[in-house]
Amino acid sequence: KEGPTISLEKGTWEQLMDLYTLSDANIFINEETKNWVCNFLPLNNNYFILDGDLPKKDWCTQERSPLLSSGDGEFHTVVPGRPLGLHPQDVQQLAEQKIHLHFYGDFTHGQWREWIDKTMKMADGYLHIHPNVDQGEWVKEFSQYDAGWLHFFKSDNYKEVTRIDWNDLNIPARMSTLAFAGLPMLQYDNEEHTVAIQSLAKRLAISLFFTNMSQLKMLLQDEPRMKQIRENVWNQRHLFTFDHHADELIAFFHKVIQNKSAQLQENISVPAIAALKPDL
């Protein structure tokens, strides 16, 4: 899925274009990626929109935990994976607003050790380190938080196709994790730009959009709105399961096969068949 803009960087653009044009069909992670590719290629109508990272519905359990904030009166946010876009000074500003950051992932902690050490000193008592959580425990573990962080980045594409990069097109896998737990999602307000996670979140009304940590605190303090967003996420969790889209995907495959069969039949002429079997 990360091919489009990476191919531009790595010099494999021509091979990628061959892959798109010579395939019988294409599956795009979202409309933004499909539209981006269509600016370079005249694709046919054999395409499907589906995030290939969606988890099974088996993990979309019902067990919600009480909010930590209801106990200590301070806000608690979670990042399940790399804290992309969150710098130590950002976490320090969160701490100044009495907003905690809970960082999950054993392997990721090793990669971000320097970041963790620096942030611990700058945001003493407000950065919390947690081990990995298995999929079956996502809802119980993550539902105790007030909100969850998506990739936090400032876009600069201004809806110009040549300025769009992978951050703008990507749907992070953690979006499903947060959705399963019914968490409002935190992301930078990129209203002027083409950003897939913003388009999706606005359509479903499941995110908080802001540009600085002071704004975030005010948003978190709006209890009626937070309750509504939390319920919006919880009631639409099924959209983030692979099972929800499986039947439609199978139907798409059947359509592709039927189209391919019809195309092959059209290309086999009677003379060609006669040449293969002279007795005809």
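Let's start in a loop: Lys-98 sits between α5 (88–96) and β4 (99–104), with helices (H or I, at least four residues) and strands (E, at least two) taken as DSSP runs numbered from the N terminus. Lys-98 isn't a glycine, yet its phi is positive, at about 60 degrees. Most residues other than glycine have a negative phi. With a relative accessibility of 41%, Lys-98 counts as partly exposed; buried would be under 20% relative accessible area and exposed over 50%, with partly exposed in between (1.4 Å probe, protein chains only).

A quick word on what you're looking at: this is a predicted model, where local features need pLDDT of at least 70 and side-chain atom pairs count only at pLDDT 80 or more, while totals for chains, interfaces and linings use all residues. Residues are numbered from 1 along each chain as its sequence is written, and side-chain values use heavy atoms, leaving out hydrogens and water.

**The overall picture**

The protein has 15 helices and eight strands. Its C-alpha atoms fill a box of roughly 90 × 40 × 35 Å along the principal axes. There are 280 residues, and 46% of them count as buried. About 15100 Å² is exposed, 51% of it supplied by carbon and sulfur atoms; these areas come from the Shrake-Rupley method with a 1.4 Å probe, and for residues only the protein chains shown count as cover.

Take the contacts (heavy atoms within 4.5 Å) with a separation of 6 or more: 72% of those in the protein are between residues 24 or more positions apart. As for charge, the protein has 26 positive and 38 negative ones, and their mean positions are 2 Å apart. Here Lys and Arg are positive and Asp and Glu negative, with His and the chain ends not counted. Each charge is placed at NZ of Lys, CZ of Arg, CG of Asp or CD of Glu.

**Around β3**

Strand β3 covers residues 75–80, and six of its six residues are buried. Phe-75, Thr-77 and Val-79 lie on one side, His-76, Val-78 and Pro-80 on the other, so to speak two covered faces. β3 pairs with β4 in the parallel sense over six bridges, where pairing takes at least two DSSP bridges between two strands. From β3 the chain goes through α5 to β4 in a right-handed β-α-β crossover. Right-handed means that, with the strands pointing away from the viewer, the path from the first strand over the helix to the second runs clockwise.

β3 also pairs with β6, again in the parallel sense, over two bridges. Val-78 takes part in both pairings: it stands opposite His-102 in β4 and opposite Gly-148 in β6.

Val-78 turns up once more beside Phe-142, a residue of helix α8 (residues 138–142). Leaving aside neighbours within four places in sequence, Phe-142 is in contact with Val-78, Pro-80, Tyr-104, Val-133, Thr-177, Ala-181 and Leu-183. Phe-142 and Gly-110 are 32 residues apart along the chain, and their C-alpha atoms are separated by 21 Å.

Just after α8, in the loop that leads to β6 (147–149), comes Gln-144. Gln-144 touches Tyr-104 too, along with Ser-65, Pro-66, Leu-67 and Leu-68, not counting residues up to four places away in sequence. From Gln-144 to Tyr-158 is 14 residues in sequence but 36 Å in space, C-alpha to C-alpha.

**Around β7 and β8**

Strand β7 (residues 185–188) runs parallel to β8, and four bridges join the two. Tyr-188 has Phe-210 as its bridge partner in β8. Together, β7, α11 and β8 form a right-handed β-α-β unit. Side chains on β8 split two ways: Ser-207 and Phe-209 point one way, Leu-208 and Phe-210 the other, and all are buried.

Two loop residues belong to this part. Asn-190, between β7 and α11, is in contact with Phe-153, Lys-154, Ser-155, Val-195 and Gln-198, once neighbours within four places are set aside. Ala-205 is in the loop between α11 (196–204) and β8 (207–210), and has a positive phi of about 55 degrees without being a glycine.

Here is how accessible these residues come out:

| Residue | Relative accessibility | Class |
|---|---|---|
| Ala-205 | 39% | partly exposed |
| Gln-144 | 15% | buried |
| Phe-142 | 3% | buried |
| Asn-190 | 2% | buried |
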